[in-house]
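User: I am new to this structure and would like to go through it by question and answer. Please keep the answers short.

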Amino acid sequence: MMDYVTAADGVRLAYDDQGDGGALLCLPGLTRNMDDFEPVLEHYRDRARVIRMDFRGRGASDYADFSTYSPPQEAQDVVALLDHLGIEKACILGTSRGGLVALMLAVMARDRLSGVVFNDIGPDIMAEGLGAIMEYIGKPPAFASLEEAAAAMPALYDGIFRNVPSATWAAFVRRIWREEGGALHLRYDPKLRDAVAPAFAPDFEAPDLWPLFDALAGLPLGLIRGAQSNILSVETAAEMRRRRPDMAFVELGDRGHVPFLDETGARAVIDAVLEKVAT
């Protein structure tokens, strides 16, 4: 059942807490929300305490000053949630932006982490994928209904996502948009675009996140990569594996950015990390 925790600056953050076992905290992508982790909840609730969170400005959480839509602030919000729930340590399952927040936690609150699974994200982000994000972020959906959107997905993602059941596409569009008044609407604050726009300035220098990844030394890690990803390159995944040869890894051939987390290979990586966390 959805509930709320209030951050230090008064922003109300939505979360869902179900299941029994060690804490598996699911952190969504940049424009996404907790519903992305419905397959994770369904599959793992009998063996893990699955906690799904909406970052500020997304899903059911409050919209806020867009300058606070940043990984460091979102990491502070994660700690606030863990404190609220009385959880000492959690294993993070971070999709895209959620994985970047996990990297922030590696230096801000490493003692609160029991492990991390990165879903199609790493310390280096491909310029191609960043450009694609700016093509759609903050803009209203082009479809009139969820049904129309679901029907369009196979062609829209042709060559990137293959062998995706129609039910999966229907669930996907329902998770990212809401239908009201004969139109689809975003499920996040459109000002999120303003928050990420500085990263596209000509003089912007991306921070070096590899020291944050290295700060996870000693913790169980997993990495899921979509073979057609435009965010996580083959080279970055290889370097992550070189630095952490013990890291569970899968590359999913029919997936791009981001895998749905219902794939057999994705579950195998999550399983491997949870098993290490439990020992």
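What follows is a set of questions on cores, strands, loops and salt bridges.

User: What kind of model is this, and how are residues numbered?

Analyst: This is a predicted model, in which local features need pLDDT of at least 70 and side-chain atom pairs count only at pLDDT 80 or more, while totals for chains, interfaces and linings use all residues. Side-chain values use heavy atoms, with hydrogens and water left out, and residues are numbered from 1 along each chain as its sequence is written.

User: How many residues does the largest nonpolar core have, and which helix gives the largest share of this core?

Analyst: A nonpolar core is a set of buried Ala, Val, Leu, Ile, Met, Phe, Trp, Tyr and Cys residues joined through side-chain atoms within 4.5 Å. Buried means under 20% relative accessible area, exposed over 50%, and partly exposed in between (1.4 Å probe, protein chains only). The largest core has 68 residues, and Leu-25, Phe-118 and Trp-177 are among those with the most contacts inside it. Its largest share, seven residues, comes from helix H3 (residues 97-108; helices, H or I of at least four residues, and strands, E of at least two, are DSSP runs numbered from the N terminus).

User: How many residues are in the second, separate core?

Analyst: In general, nonpolar side chains tend to be buried together in soluble globular proteins. The second core includes Leu-24, Ala-48, Val-50 and Cys-91. Its size is 21 residues.

User: Is strand E5 mostly covered or mostly open, and which residues are on its two sides?

Analyst: In a regular strand the side chains alternate between the two faces of the sheet. Six of the six residues of E5 (residues 90-95) are buried, so that the strand is mostly covered. On one side are Ala-90, Ile-92 and Gly-94, and on the other Cys-91, Leu-93 and Thr-95.

User: Which residue stands opposite Thr-95 in E6?

Analyst: Two strands pair if DSSP finds at least two bridges between them. E5 runs parallel to strand E3 (residues 22-27), with four bridges, and pairs in the parallel sense with strand E6 (residues 113-119) over six bridges. Cys-26 stands opposite Leu-93 on the E3 side. In E6, the residue opposite Thr-95 is Asn-119.

User: In E10, what is the bridge partner of Gly-222?

Analyst: Gly-222 belongs to strand E9 (residues 221-226), which is largely enclosed by the rest of the structure because six of its six residues are buried. E6 and E9 pair in the parallel sense over four bridges; E9 and strand E10 (residues 248-252) do so over five. In E10, the partner of Gly-222 is Ala-248.

User: Which peptide bond is cis?

Analyst: Most peptide bonds are trans. In the loop between E10 and helix H10 (264-278) lies Val-258. A cis bond, with omega about 0 degrees, joins this residue to His-257.

User: What is the phi of Leu-261?

Analyst: Most residues other than glycine have a negative phi. Leu-261 lies in the loop between E10 and H10 and counts as buried at 2% relative accessibility. Its phi is positive, near 75 degrees.

User: How many residues apart in sequence are the parts that Arg-175 and Glu-38 tie together?

Analyst: A salt bridge is a side-chain nitrogen of Lys or Arg within 4 Å of a carboxyl oxygen of Asp or Glu, and by this rule there are 20. One of them joins the side chains of Arg-175 and Glu-38 (2.9 Å, N to O). Arg-175 is buried at 8% relative accessibility, whereas Glu-38 is partly exposed at 22%. Because Arg-175 lies in helix H6 (residues 166-176) and Glu-38 in helix H1, the pair ties together parts whose separation is 137 residues.

User: Which residues are joined into one network of salt bridges?

Analyst: Glu-239 and Arg-242 both lie in helix H9 (residues 234-243), three residues apart, about one turn of the helix. Their closest N and O atoms are 2.8 Å apart in a salt bridge, and Arg-242 is exposed, with a relative accessible area of 57%. Salt bridges with shared partners make one network of Asp-214, Glu-239, Arg-242 and Arg-243.
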